[in-house]
Amino acid sequence: MADLQRDPVLMVGEGWDAYRLLDSGHGRKFEAYGDYRFIRPEPQAMWTPRLDSWDAHGEFVPGSDEDGGGRWQFSKPVPDNGWELGWGNEVRFTAQCTPFRHLGFFPDMAPVWSWMGEQLGSRTDAETMNLFGYTGVGTQALSRYGRVTHVDASKKSVAQARENAAIAGLDDRPIRWLVEDAMKYTAREVRRGRRYDGIILDPPKFGRGPDGEVWRLEEGLPGLVSDCRQLLDADSNFLFLTVYAVRMSSLALGGLLEEVFAGLPGIIEHGDLSVQEESGRLLPTAIFARWSNPR
């Protein structure tokens, strides 16, 4: 039976040449994406900035809607079509200022990509799935270990993911690129009797599928995790679940996995994702729960 570890785990992203968290405070964060620096909203940065001033190329100014909206304001030129960045020896992708305040990838996921690689070790025959795969940086990281199924409801995101793989020279890797509703696709995979060695899922708080399907995290997550569990077995390696922008404890996610994974061996852990500022201060970004099966 999978054993739930009660004490939370802290996963820390320390930054690299493509991304650095320069400072944070007063509800904002100051970041470097390669040669370009940006200010974005960050409600969890409740402290005072440590730098005297922030010299940024642009800032995302949020609208009055708590769940989204806003616009970029630029004080220095930024490439309209984005600029190339990388992670590790193989992964390459385009960073770009999007209307959703993001820049085309989530840098706090870097320690997750490393952790997944640790679970798969030296394998080259693994079958993994990236649900809500966005622009495919995690998919690229997984592709060195075997076949990857990349699923996202956004046609635009999947197209960008394929372009990113081509930029990295990985377009010949065994990756299935699917514009699909995650819940519907996972349920079909269960009916087909498929299995995977690892699954990563990064669901939004709210979303719509390609055919207008409505996703609400609190309603849909238990069923989706249950279906993912049916795609894993005692020989599988991991499941990693991240959740952003919800009033929920990581312990709640851990408790869900403890119930659903009761029939499998392994370890269930939960905690916070965070990014380390250049000063050493940690900024929390998301909560997570993960199942791993050390063997």
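**Exercise 1.** In this predicted model, determine what share of the 295 residues in the chain is buried, and then state how the overall dimensions of the chain relate to the globule rule.

*Solution.* Begin with burial: residues that count as buried make up 54% of the 295 residues in the chain. Next, take the secondary structure, which comes to 6 helices and 18 strands. The radius of gyration of the chain is 19 Å, close to the 19 Å that the globule rule gives for 295 residues, so the chain is as compact as a globular protein of that length. Finally, along the principal axes, the C-alpha atoms fill a box of roughly 55 × 40 × 40 Å.

**Exercise 2.** Describe the contacts of the chain by their separation in sequence, and then characterise its accessible surface and its charges.

*Solution.* Consider contacts between residues at least 6 apart in sequence: 62% of these join residues at least 24 apart. Turning to the surface, the accessible area of the chain comes to about 13800 Å², and carbon and sulfur atoms account for 47% of it. As for charge, the chain has 33 positive and 43 negative charges, whose mean positions are 3 Å apart.

**Exercise 3.** Locate Phe 261 in the chain, decide whether Phe 261 is buried or exposed, and identify its contacts beyond its neighbours within four places in sequence.

*Solution.* Phe 261 lies in the loop between α6 (250-260) and β17 (267-276). Its relative accessible area is 0%, and because buried means under 20%, Phe 261 is classed as buried. With neighbours within four places in sequence set aside, Phe 261 is in contact with Ala 2, Val 225, Arg 229, Leu 232, Leu 239, Ile 268 and Trp 291. Arg 247, by comparison, is 14 residues from Phe 261 in sequence and 24 Å from Phe 261 in space, C-alpha to C-alpha.

Methods
Residues numbered from 1 in each chain as written. Predicted model: local features only at pLDDT ≥ 70, side-chain atom pairs only at ≥ 80, totals over all residues. Heavy atoms only, no water. Helix = DSSP H or I, 4+ residues; strand = E, 2+ residues; numbered from the N terminus. Buried < 20%, exposed > 50% of the residue type's maximum accessible area, 1.4 Å probe, protein only. Contact = heavy atoms within 4.5 Å. Rg over C-alpha atoms; globule rule 2.2 N^0.38 Å. Areas by Shrake-Rupley, 256 points an atom, 1.4 Å probe, with all protein chains shown as cover. Lys, Arg positive; Asp, Glu negative; His and termini not counted. Charge placed at Lys NZ, Arg CZ, Asp CG, Glu CD.
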